[in-house]
Amino acid sequence: MAGFKGRDVISILDFTRGELEELFEEADEILNKGVKGRPLEGKVLALAFFEPSTRTRMSFETAMKRLGGETIGFTSEEAISVAKGESFKDTIIMLDSYSDAIVVRHKYDGAAKLAADIAENPVINAGDGKQHHPTQAMLDIYTIIKLKGGVDGLTIGVLGDLKYGRAASSFILALTHYKPKKIYLISPQQLRARREILEEARKRNLPYKEEENLEEALPELDILYVTRIQKERIPDPEEYEKIKGSYRITLEQIQKKANKNLKILHPLPKTDEIDPKIDETPHAAYYKQAKLGIPLRMALLKKILEEK
Ligand code: NCD
């Protein structure tokens, strides 16, 4: 095992199941016993958010502070010299010299990998275009383990924008580390998972089936992972108009059709894809999921940055 120390986090497939388990153990330790002392005192984490974020950025910031470390960073391109024409490369070189690790979010596919090639210190991908969002996937799997005791043997639906959604793509790839009973990939035709994701899933023997409607699969599901339509990544506004509002889960549907132990996850932000009445039911697990982002990201930062 390569170990976590000093490592880049670019794709969920860079990690083995064993490594994920090691990470979840650390997160459990933090959740149950808290942190002793200030293990990351004197360390600086750079938060390079070229694209908007609420949870991912703030949970990294909170996680770093709770470990005794500090953060620097920006929350949009307008706020930094990119607005004056500075290149991505120069921005990363500067951040690399000011900090001990960089968390990058960018609208372009491959941006985090590029940053990792430029920077000497570790780079953590907080979302690159439609491609990867590995720490979200770690958090998603961790949440399922907390809710259901494990992932193996479960029937899981992934609903929504599987084409442009990096959280959904990374989640599907993360599931290939496990042995679920069945995975339903549910989306309108235009938002089907991309070929490279399906090929990887096939190669890694994920038992998946593509569906256009939730109705068929709903009664079988233990977990339903919902995502919003990634409006900002759909190149053609007409295409967006055609598919917007094409799926929405209602409370009635859940009450009538779903397994009573169904848990609904969502990386958030949610728009109109989940009836807000569902928020109040025991099915809604997305707020718990967001909350678990703190111990999970604390565990990750600790393992990557702590001097032993
Ligand atoms: C996701 C993202 O940015 O990819 N948000 C998040 O990090 N929780 C999902 C999304 O924006 O739909």
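In which crossing does α5 pass α11, left-handed or right-handed? The crossing is right-handed, and Figure 3 comes back to this pair. These legends describe a predicted model.

**Figure 1. The whole protein chain, with its 11 helices and 9 strands.** Let's start with the full picture before moving in. Along the principal axes, the C-alpha atoms fill a box of roughly 55 × 45 × 40 Å. A compact globule of 308 residues would have a radius of gyration near 19 Å, and this chain agrees because its own value is 19 Å. Of the 308 residues, 56% count as buried. How do contacts run along the sequence? Take the contacts between residues at least 6 apart in sequence: 74% of them join residues at least 24 apart.

**Figure 2. Close-up of helix α5 (residues 134-148) against helix α6 (residues 166-175).** Two packed helices are described by the angle between their axes and the distance between the axes. Here the axes come within 8 Å and cross at roughly 55 degrees. That angle makes α5 oblique to α6, because values between 35 and 65 degrees are neither roughly parallel nor roughly perpendicular. The crossing of α5 past α6 is right-handed. To follow the contact in the structure, look on α5 for P134, Q136, A137, D140, I141 and I144, and on α6 for A167, S170, F171, A174 and L175. By residue type, this contact holds 8 nonpolar, 2 polar and 1 charged.

Now look at α6 by itself. Which of its residues are buried? They are R166, A167, A168, S169, S170, F171, I172, L173, A174 and L175. With 10 of its 10 residues buried, α6 is therefore largely enclosed by the rest of the structure.

**Figure 3. Close-up of α5 with helix α11 (residues 286-305).** This is the pair from the opening question. The two helices pack at an angle of about 115 degrees, and their axes are 9 Å apart. The angle makes α5 roughly perpendicular to α11. As said at the start, α5 passes α11 in a right-handed crossing. On the α5 side, the contact is made by T135, Q136, M138, L139, D140, Y142, T143, K146 and L147. Facing them in the contact, α11 contributes K288, Q289, L292, G293, L296, R297 and L300. These residues divide into 7 nonpolar, 5 polar and 4 charged.

**Figure 4. Close-up of L268 and P269, joined by a cis peptide bond.** Omega for this bond is about 5 degrees. Where in the chain should you look for P269? The place of P269 is in the loop between β9 (263-265) and α11. L268 is found in the loop between β9 and α11 as well. L268 has another feature to spot: its phi is near 65 degrees, a positive value in a residue other than glycine. Is L268 buried or exposed? Its relative accessible area is 13%, so L268 is buried, the cut-off being under 20%.

**Figure 5. Close-up of N205, a residue with a positive phi.** N205 is not a glycine, yet its phi is about 60 degrees. To find N205, go to the loop between α7 (195-203) and β7 (208-211). What about its surroundings? N205 has a relative accessible area of 67%, so this residue is exposed, the cut-off being over 50%.

Key:
Residues numbered from 1 in each chain as written. Predicted model: local features only at pLDDT ≥ 70, side-chain atom pairs only at ≥ 80, totals over all residues. Heavy atoms only, no water. Axes fitted to C-alpha atoms, helices over the stretch in contact; angles between N-to-C directions. Helix = DSSP H or I, 4+ residues; strand = E, 2+ residues; numbered from the N terminus. Parallel < 35°, antiparallel > 145°, perpendicular 65-115°, else oblique. Left-handed = near helix turned anticlockwise from the far one by under 90°. Contact = heavy atoms within 4.5 Å. Nonpolar A, V, L, I, M, F, W, Y, C, P; charged D, E, K, R; others polar. Rg over C-alpha atoms; globule rule 2.2 N^0.38 Å. Buried < 20%, exposed > 50% of the residue type's maximum accessible area, 1.4 Å probe, protein only.
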